[in-house]
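Please open the model in your viewer and keep the sequence panel beside it. The tour below moves from one selection to the next and says what is to be found at each stop.

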Amino acid sequence: MTIYYKKPGPIWFFQLDMGHALEAGADCVAYVKKYPGRFSSWHLTDHKRGVGDVELGIGDVDYDQLFTLTKVADLEDLVVEQETGADRFAACKRNYEFLNKYGWT
């Protein structure tokens, strides 16, 4: 996959799924820094090692650091996916509140 990140210009961009990337062993912050402008869309999920999928901000994805890189990433949009929780509406509300503290609502 690395070769795709090196292609020039606006030919290629990727939507990085933060939780799944972390689960696979990737360092999302390092990828965004290494390939600026390639991840203009982020698929927001969160994952806690040893537990699985969790609500945004509860897991091990370093969203505090990632949200400092939105300009480097040339971030245009976010897609939130919530796969866990007995009460999905309550989980969505908490995800909204989490994103609101970063100004993404």
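**Aromatic pairs and the cluster**

In this predicted model, a search of the whole structure finds six aromatic pairs. Begin by selecting Tyr63 and Phe98, whose rings form an edge-to-face pair, 5.8 Å centre to centre and with 75° between the planes. Because Tyr63 belongs to helix α4 and Phe98 to helix α6, this pair ties together parts that are 35 residues apart in sequence.

Keep Phe98 selected and add Tyr102: the ring centres of these two lie 5.3 Å apart with the planes at 70°, so this pair, too, is edge-to-face. Colouring by accessibility will separate the two partners, since Phe98 is buried at a relative accessible area of 10%, whereas Tyr102, at 21%, counts as partly exposed. Tyr63, at the other side of the first pair, is buried. To see the wider grouping, extend the selection to Trp42, Tyr63, Phe67, Phe98 and Tyr102, which form one aromatic cluster.

**The nonpolar core**

Next, show the side chains of Met18, Val32, Trp42, Leu44, Tyr63 and Leu66, which are the residues with the most contacts inside the largest nonpolar core, a set of 22 residues. At least two residues of this core come from each of α2 (18-23), α3 (28-34), β2 (41-44), α4 (63-66) and α6 (88-100). In soluble globular proteins, nonpolar side chains tend to be buried together.

Centre the view on Met18 and display its surroundings: leaving out residues up to four places away in sequence, Met18 touches Cys28, Trp42, His43, Leu44, Thr45, Val61, Tyr63 and Leu66.

**Val61 and His47**

From Met18, move to Val61, which sits in the loop between β4 (52-54) and α4. Is Val61 buried or exposed? With a relative accessibility of 8%, Val61 counts as buried, the cut-off for that class being under 20%. If neighbours within four places in sequence are set aside, the contacts of Val61 are Met18, Gly19, Leu22, Thr45, Asp46, His47 and Leu66. A distance drawn from Val61 to Cys28, C-alpha to C-alpha, should read 7.8 Å, although their positions lie 33 residues apart in sequence.

His47, one of the contacts of Val61, is the next selection and lies in strand β3 (residues 46-48). His47 is buried, its relative accessible area being 9%. Beyond its neighbours within four places in sequence, His47 is in contact with residues that include Gly19, Leu22 and Glu23, with Gly52, Asp53 and Val54, and with Gly59, Asp60 and Val61.

**A cavity**

Now select Thr45, Asp46, Asp53, Val54, Glu81, Gln82 and Glu83, the residues that line the largest cavity. The volume of this cavity is about 40 Å³, and the count of cavities of 30 Å³ or more comes to one. What is the character of the residues in its lining? The lining divides into one nonpolar, two polar and four charged residues.

**A last stop at Asp74**

Finish at Asp74, in the loop between α5 (70-73) and β5 (77-80). The backbone deserves a look here: Asp74 has a positive phi of about 60° although it is not a glycine. At 45% relative accessibility, Asp74 counts as partly exposed.

Methods: Residues are numbered from 1 along each chain as its sequence is written. This is a predicted model: local features need pLDDT of at least 70, side-chain atom pairs count only at pLDDT 80 or more; totals for chains, interfaces and linings use all residues. Side-chain values use heavy atoms; hydrogens and water are left out. Helices (H or I, at least four residues) and strands (E, at least two) are DSSP runs, numbered from the N terminus. Buried means under 20% relative accessible area, exposed over 50%, partly exposed in between (1.4 Å probe, protein chains only). Contact means heavy atoms within 4.5 Å. A nonpolar core is a set of buried Ala, Val, Leu, Ile, Met, Phe, Trp, Tyr and Cys residues joined through side-chain atoms within 4.5 Å. Rings of Phe, Tyr and Trp (its six-membered ring) pair if their centres lie within 6.5 Å; planes under 30 degrees apart count as stacked, over 60 as edge-to-face and the rest as tilted. On a 1 Å grid over the protein atoms alone, a cavity is a set of points where a 1.4 Å probe fits but cannot get out, and a pocket is an open set with protein on both sides within 12 Å along at least five of seven lines; lining residues have an atom within 4 Å of a point. Grid points are joined across faces, edges and corners, and a volume is the space filled by probe spheres set on the points. Ala, Val, Leu, Ile, Met, Phe, Trp, Tyr, Cys and Pro count as nonpolar, Asp, Glu, Lys and Arg as charged, and the others, Gly among them, as polar.
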